[in-house]
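Q: I would be grateful for a close look at the charged pairs in this protein, and at how their surroundings compare with the buried parts of the chain. Which side chains pair, and where do they lie?

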Amino acid sequence: MKTGRQAKKMMQNVQTAPESNEDDLYSGFNDYNPMFDTEDLENDVAFQQAAKTSHGRRPPSKTTLTSSMGRPMTGTIQDGVSRPMTAVQAAGYTKAAVRGSSFDPLGQARGPASPLEKKTSDSLEEKMRQLEKKVNELVEESCVANSCGDLKLALEKAKEAGRQERELLRQREQIAPPESINLDLTYTVLLNLAGQYVANEMYAEALTTYQVIVKNKMFSNGGILKVNMGNIYLKQRNYSKAIKFYRMALDQITSSHKQMRIKIMENIGVAFIKTGQYVDAISSFEEIMNISPNLKAGFNLILCYFAIGNGEQMKKAFKNLIEVPLEVDYEDKYISLNDDLHTNLLIEAIKNDSLSQIERERKSLAEEYIMTAAKLIAPAIETSFAVGYDWCVDAVKASHYVELANDLEINKATTYLRQQNFNQALETLKMFEKKDSRVKSAAATNLSFLYYLGNELEQATNYADLAVNSDRYNPAALTNKGNTVFANGDCEKAAEFYKEALRNDSLCTEALYNLGLAYKKLNRIDEALDCFLKLHAILPNSAQVLYQLASIYQIMEDPNQAIEWLLQLISVVPTDPHVLAKLGNLYDTEGDKSQAFHYYCESYRYFPSNIEVIEWLGAYYIDTQFCEKAIEYFERAALILPTQVKWQLMVASCYRRSGNYQKALEKYKVIHRKFPENVECLRFLVRLCTDMGLKEVQEYITKLKKAEKLKEIREQRIKSGREGSARSRKEGTGDSGGTKGERLSAKLKALPGTSEPYESSSSKEIDASYADPLGPQPERPKTAARKRMEEDDFADEELGEDLLPE
């Protein structure tokens with residue numbers, strides 16, 4: 001409030017308007033102070049001098065300007081004190097600016113503001129809140145570690161969360177009533193800990209933790225965890241306790257949780273099957289099929305009826321199985337009925353989305369259940385397998401699984417193959433020649449395979465052509481066609497069929513393997529190596545592929561790489577004697593006798609009848625001057641080949657080399673009795689008897705002369721016979737078949753050599769899409785022996801290679 005003095009002063013400064021100007025309302029507005037006249041500034045000498053020089057920087061005059069109210073103007077100096085410029089303080093102006101200072105209305109020159117101080121609270125409530133947050137973080141870290149496969153870390157985090165949560169409970173009980181305890185956090189920590197115990201197979205600790213939850217009445221949903229306890233007992237094969245806990249959990253779950261109750265009943269049924277109580281299991285599965293039928297329960301019900309041998313109930317259960325609703329949209333929705341681009345793009349997008357993949361998986365699972373059930377019950381529901389299988393086929397044809405009927409017929413043919421009933425298999429497959437192209441191709445592929453195995457190449461070729469013509473995109477048919485062409489000697493054309501099969505299905509391992517064999521036969525070693533290396537990436541533990549890689553490196557004269565691949569091979573098949581013998585042969589070629597001896601000994605341990613291995617080991621002991629040990633191997637060779645005198649002479653020679661002349665003499669006498677015309681035996685008898693001064697020496701000398709004479713006569717006859725045969729051939733009158741000995745030699749050469757190990761595939765059923773994958777596996781062909789040590793006595797065998805049938 002203004003004082004009276006100030007009010008009086010203000011009134012003195014007020015100027016009243018003159019009375020003479022009462023009628024002129026706008027007078028006085030044009031009057032102004034001549035100091036503010038800017039029109040004549042150009043002619044003002046003082047102003048121009050001040051603008052060009054520092055004359056204008058003179059100190060201000062002491063004249064005080066006053067406002068119309070009579071008070072000093074803002075910024076004027078009165079009595080040595082400036083009137084404050086309060087009106088512009090908000091814009092950054094100060095009352096006395098320092099000369100040379102910059103304009104800084106925001107105060108940025110002062111630097112950034114100091115950071116806010118953290119809120120510090122030492123209250124117990126804040127500490128508990130932080131501790132609760134840490135417990136939740138530990139539970140999350142435990143779950144993440146479990147999902148990443150680090151089960152040990154997940155368990156450690158779960159245990160730490162349990163410790164922190166107990167500490168939290170102790171602190172909260174001190175300051176708050178029991179009602180304020182966070183039960184949800186306790187339940188979460190205990191449940192996670194029990195789950196981690198189960199994941200680490202610590203079942204006793206898991207059961208103890210579950211018991212803590214179940215017995216605590218404060219946890220309203222703890223009873224449902226008895227299902228988890230039942231699962232643990234089932235894993236421990238304590239089936240009676242598992243059933244007990246499943247039933248206790250079932251009693252505590254209301255009927256509103258329908259799916260949960262069905263899953264528990266399925267577990268009860270499985271536990272009864274494990275204990276052999278099939279009647280009780282049947283009651284559980286029948287209840288499920290009445291409430292909410294599903295494929296798994298229907299299949300298990302068939303198994304139970306099969307176990308008790310009730311054929312009629314098997315039929316009924318099979319019909320219920322094929323009537324289970326699949327809840328899958330069929331392929332019709334993916335067929336475009338118009339040429340609308342937007343619609344076609346939408347259909348293409350949903351063909352392979354995640355929902356479509358789930359539908360295909362569900363359909364595939366249903367087909368697997370039905371096919372397996374049909375193969376299981378077919379021999380049991382009727383008097384014969386064929387009649388039972390026909391009943392199953394008719395039942396499937398009457399359901400919405402019509403397409404499975406043809407697959408069942410093909411499985412019927414493969415079952416005939418398993419039973420060695422080839423005629424019935426052929427008849428069954430020939431029924432499909434007039435079916436649609438897909439089924440016809442599958443049947444023709446299997447027929448081609450059967451005729452190929454029977455070495456009827458003409459029929460195999462015909463059916464291979466039929467299979468390819470029916471479905472050009474069937475990789476199995478193309479592979480079989482390539483096999484027939486390969487068998488006829490056209491490796492180039494066979495390779496083309498194999499490559500076409502691979503273009504249709506890049507994972508067709510049979511075609512890739514056979515392509516490698518074709519390149520190997522064509523001596524295109526680099527391409528063959530590329531094929532087998534690709535196949536090794538797909539099938540890293542395939543013994544056949546590993547052997548082929550070793551064989552190719554041996555052809556490329558790279559024994560070190562061949563040895564490396566063979567070492568990988570024996571890690572897959574450590575007891576294969578032929579692979580061990582081949583490895584010994586490679587080490588022997590490289591001059592590593594100790595390693596060669598080791599692998600030959602291993603080969604002999606697993607297969608002590610391999611003459612080549614026996615011969616090498618005997619020769620090794622002779623070279624190392626251990627003739628007594630060599631006797632064991634040559635005696636076994638004599639047992640295996642009793643008609644060959646060579647092995648018995650080697651035994652006698654070992655006795656002689658070791659200085660046991662008496663044993664050597666006795667052995668030579670035994671050999672002489674078995675082979676009285678053997679000249680070598682008689683010579684050693686003469687030598688030993690002479691050295692030992694025995695009277696029989698003259699007798700053996702006489703026999704030796706007779707034997708030598710007979711041998712000479714025999715050689716002359718053979719020589720004359722050969723000359724006559726050669727002269728006859730020269731004159732054109734000789735027998736085109738040659739002598740008996742030559743015919744026998746030709747016959748032996750025509751016989752195929754035994755195959756190398758894993759050179760041939762185990763022939764499985766053709767066409768994995770339709771044939772039974774669990775079909776009969778023929779025996780793997782034996783492997784060819786290594787090179788014999790004595791080239792004069794044995795000829796190398798030509799290694800045969802067989803194709804992988806599709």
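A: The account below begins with the salt bridges and then turns to the interior and to parts of the surface.

The structure is a predicted model. A search of the whole structure finds 18 salt bridges. Side chains of opposite charge can pair when their charged atoms come close.

One of these pairs is formed by the side chains of Asp 390 and Lys 412, with an N to O distance of 2.8 Å. This pair links distant parts of the chain, 22 residues apart: Asp 390 belongs to helix α15 (residues 385-397), and Lys 412 to helix α16 (residues 404-418). Asp 390 has a relative accessible area of 30% and is therefore partly exposed. Lys 412, by contrast, counts as buried because its relative accessibility is 8%, and buried means under 20%.

A second pair lies within a single helix. The side chains of Lys 534 and Asp 530 meet in a salt bridge at 3.4 Å, N to O. Both residues are in helix α23, 4 residues apart, which is about one turn of the helix. Lys 534 is partly exposed, at a relative accessible area of 49%, and Asp 530 is also partly exposed, at 37%. Elsewhere, Glu 492, Arg 524 and Glu 527 are joined into one network by salt bridges that share partners.

A further salt bridge connects Asp 588 with Lys 593, where the closest N and O atoms are 2.6 Å apart. Lys 593 is partly exposed, with a relative accessible area of 43%.

Helix α23, which spans residues 525-538, also contains Ile 538. Ile 538 has a relative accessible area of 34%, so this residue is partly exposed. Together with Leu 507 and Leu 539, Ile 538 forms a nonpolar patch on the surface, and the three have about 250 Å² of accessible area together.

The interior offers a contrast to that patch. In soluble globular proteins, nonpolar side chains tend to be buried together. The largest nonpolar core here has 176 residues, of which Phe 318, Tyr 401 and Tyr 668 touch the most other members. Helix α14 (residues 354-381) supplies the largest share of this core, 9 residues. Another core, of 9 residues, lies apart from it and includes Leu 131, Val 139, Ala 161 and Leu 168. Beyond four places in sequence, Tyr 668 touches Leu 649, Ala 652, Ser 653, Arg 656, Cys 681, Phe 684, Leu 685 and Leu 688.

Polar residues also occur in buried positions. Thr 484, in helix α20 (residues 475-487), is buried because its relative accessible area is 1%. A polar atom of the Thr 484 side chain lies 2.7 Å from the backbone oxygen of Lys 481. Aside from neighbours within four places in sequence, Thr 484 is in contact with Ser 448, Tyr 452, Ala 460, Thr 461 and Ala 464.

Finally, Arg 683 is located in helix α32 (residues 679-692). Arg 683 is partly exposed, with a relative accessible area of 46%. Its contacts, leaving aside neighbours within four places in sequence, are Leu 704 and Glu 708. Arg 683 and Lys 703 are 20 residues apart in sequence, and their C-alpha atoms are 9.7 Å apart in space.

Notes: Residues numbered from 1 in each chain as written. Predicted model: local features only at pLDDT ≥ 70, side-chain atom pairs only at ≥ 80, totals over all residues. Heavy atoms only, no water. Patch = residues over 30% accessible without salt bridge, like charges linked within 9 Å, V, L, I, M, F, W, Y side chains within 5 Å. Areas by Shrake-Rupley, 256 points an atom, 1.4 Å probe, with all protein chains shown as cover. Salt bridge = Lys/Arg side-chain N within 4 Å of Asp/Glu carboxyl O. Helix = DSSP H or I, 4+ residues; strand = E, 2+ residues; numbered from the N terminus. Buried < 20%, exposed > 50% of the residue type's maximum accessible area, 1.4 Å probe, protein only. Core = buried A, V, L, I, M, F, W, Y, C linked by side-chain atoms within 4.5 Å. Contact = heavy atoms within 4.5 Å. Polar contact = N/O pair within 3.5 Å; in protein donor to acceptor, adjacent residues only side chain to side chain.
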